[in-house]
Amino acid sequence: MLAEIYTDEGRSGTNLKRPGWGKLLQGAQEKRFDAVVCTYMSRLGRGDTCTVAEYLLKERDVRVEMVKEQFTDDLAGFINKQMTRFVDGVYVENVRQWTKTKMEQMAAKGFVCGGQDRFGYRKESVPESELASRGDKTPKRLVPDEEEAAIARQAYKQFAATRSLSTVRDYLNQVTLQRWNTDRVKYLLRNEVYLGILVHGEWRNEKAHEPIIESDLWHEVNDLLDTSRRVYPARVKDKYAFYLRGRLHCPYCGCIYTPYPAKSGAVCYYACLSGMKKKTQCPVMRINAAALHSAILKEIEQAARHATVMHRLIAESGGWQTASEEMQRQRGQMGKRKQFLDVQIGNLTNAIAAGGNLVSLPAKLKQREQDRALLTRELQGLERTIQQATVKRPTAEQVQAV
């Protein structure tokens with residue numbers, strides 16, 4: 001007698017978080033049936049997932065019967081069954097690799113590979129003249145939508161001026177019909193697609209489509225997003241200021257220390273948050289806040305008075321670094337290339353002014369100016385990277401003066 005039909009159409013067989021499987025397992029728990037019939041093992045689950053599914057059903061006294069696959073109870077049948085499960089699992093990995101390779105090839109050609117909608121762009125089918133002879137299926141390319149692109153540019157400019165995600169969010173909610181939250185605003189401001197870049201896996205296409213945000217503005221906004229962090233003032237609780245609030249971390253579990261006044265109110269502590277919640281067995285648990293403040297202030301006072309102590313603290317703190325030699329060498333080469341282009345542009349300008357070939361010289365001049373503009377942007381980006389990678393070590397006298 002057929003109890004019920006369970007299906008999971010369009011769902012991956014590599015996991016058991018499927019509604020049809022959930023109902024089937026619930027039916028097995030309620031003893032609605034004593035056997036599950038499926039065409040192939042892969043219809044129940046693929047690879048290791050099938051093994052887990054069959055085990056869960058066996059725990060509920062439900063056997064699994066296959067219509068197209070039959071396995072004997074001897075050693076040969078066991079090996080055959082394990083090999084079939086292995087092949088089912090390998091097929092999924094093959095499909096994943098085929099899909100990844102195809103999407104990387106599409107990104108290399110500048111074709112969009114699905115994903116979230118990119119505000120400021122619309123998708124347009126690629127003309128048949130640009131498709132390969134092997135018969136690509138009408139892929140799409142990102143093309144700027146002038147109205148949305150203007151709004152996106154304004155969003156970038158607003159954040160650069162205000163450094164406020166909420167201000168940009170309110171602006172976008174006012175001028176568009178879409179709903180914007182802080183996370184979606186961050187996605188808009190951090191997405192490299194607005195620089196004309198498509199990324200898929202390890203493949204990166206720097207000139208996939210027309211950019212709608214200038215490189216300098218995009219990097220300025222993302223530098224602000226990386227560096228801006230809300231600073232919460234030290235709050236006073238029970239007439240005691242925890243000056244190191246949010247700045248102490250447990251050396252054993254890494255969690256943040258939280259202010260913890262004792263019930264009596266006489267002593268205040270910094271306590272391990274995970275230890276207090278009994279998530280870990282922290283050997284320290286809490287530190288006397290007054291004693292810690294006194295020790296740190298004493299260390300600061302001694303360092304401020306003695307250059308030797310300050311010099312030792314600076315050396316132990318670390319974090320001082322310079323840009324790599326390769327980056328500095330590349331900057332020098334790009335600077336020389338820029339000087340060479342400046343000379344060429346000057347020579348071409350003088351030749352045109354002297355009445356030279358007015359057919360080829362203007363075209364060459366335009367090309368050199370475009371090359372110079374591109375090189376200038378790349379050099380500015382490299383300078384920014386070198387500046388970020390360089391943290392100059394201060395002297396003891398400079399820190400003592402501060």
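Which residues does Leu189 touch, not counting residues up to four places away in sequence? Select Leu189 in this predicted model and display its surroundings. Its contacts are Ala155, Tyr156, Phe159, Leu165, Trp218, Val221, Asn222 and Leu225.

**The core around Leu189**

Now widen the selection. Leu189 belongs to the largest nonpolar core, a set of 30 residues. Leu189 is among the residues with the most contacts inside this core, along with Tyr156, Phe159, Leu172 and Tyr194. Colour four helices next: helix 4 (146-162), helix 5 (165-175), helix 6 (182-190) and helix 7 (215-227). These are the elements that give two or more residues to the core. Helix 4 supplies the largest share, 6 residues.

**A separate core**

Go to Ala28, Val36, Val62 and Met66. They are among the 17 residues of another core, which lies apart from the one just visited.

**Helix 10**

Select residues 307-317, which form helix 10. Show the side chains of Val309, Met310 and Ile314, the buried residues of this helix. Turn the view to look down the helix axis. The buried residues fall within an arc of 135°, so they line one face of helix 10. An α-helix has 3.6 residues a turn, so residues three or four places apart point the same way.

What does the buried side of helix 10 pack against? Add helix 9 (289-305) and helix 13 (396-401) to the view: the buried residues pack against both. Then look at the face turned away from the buried side. Thr308 and Glu316 are exposed there.

Finish just after helix 10, at Gly318. This glycine takes a positive phi of about 65°.

Definitions and conventions: Residues are numbered from 1 along each chain as its sequence is written. This is a predicted model: local features need pLDDT of at least 70, side-chain atom pairs count only at pLDDT 80 or more; totals for chains, interfaces and linings use all residues. Side-chain values use heavy atoms; hydrogens and water are left out. Buried means under 20% relative accessible area, exposed over 50%, partly exposed in between (1.4 Å probe, protein chains only). The arc is that of the directions from the helix axis to the C-beta atoms. Contact means heavy atoms within 4.5 Å. A nonpolar core is a set of buried Ala, Val, Leu, Ile, Met, Phe, Trp, Tyr and Cys residues joined through side-chain atoms within 4.5 Å.
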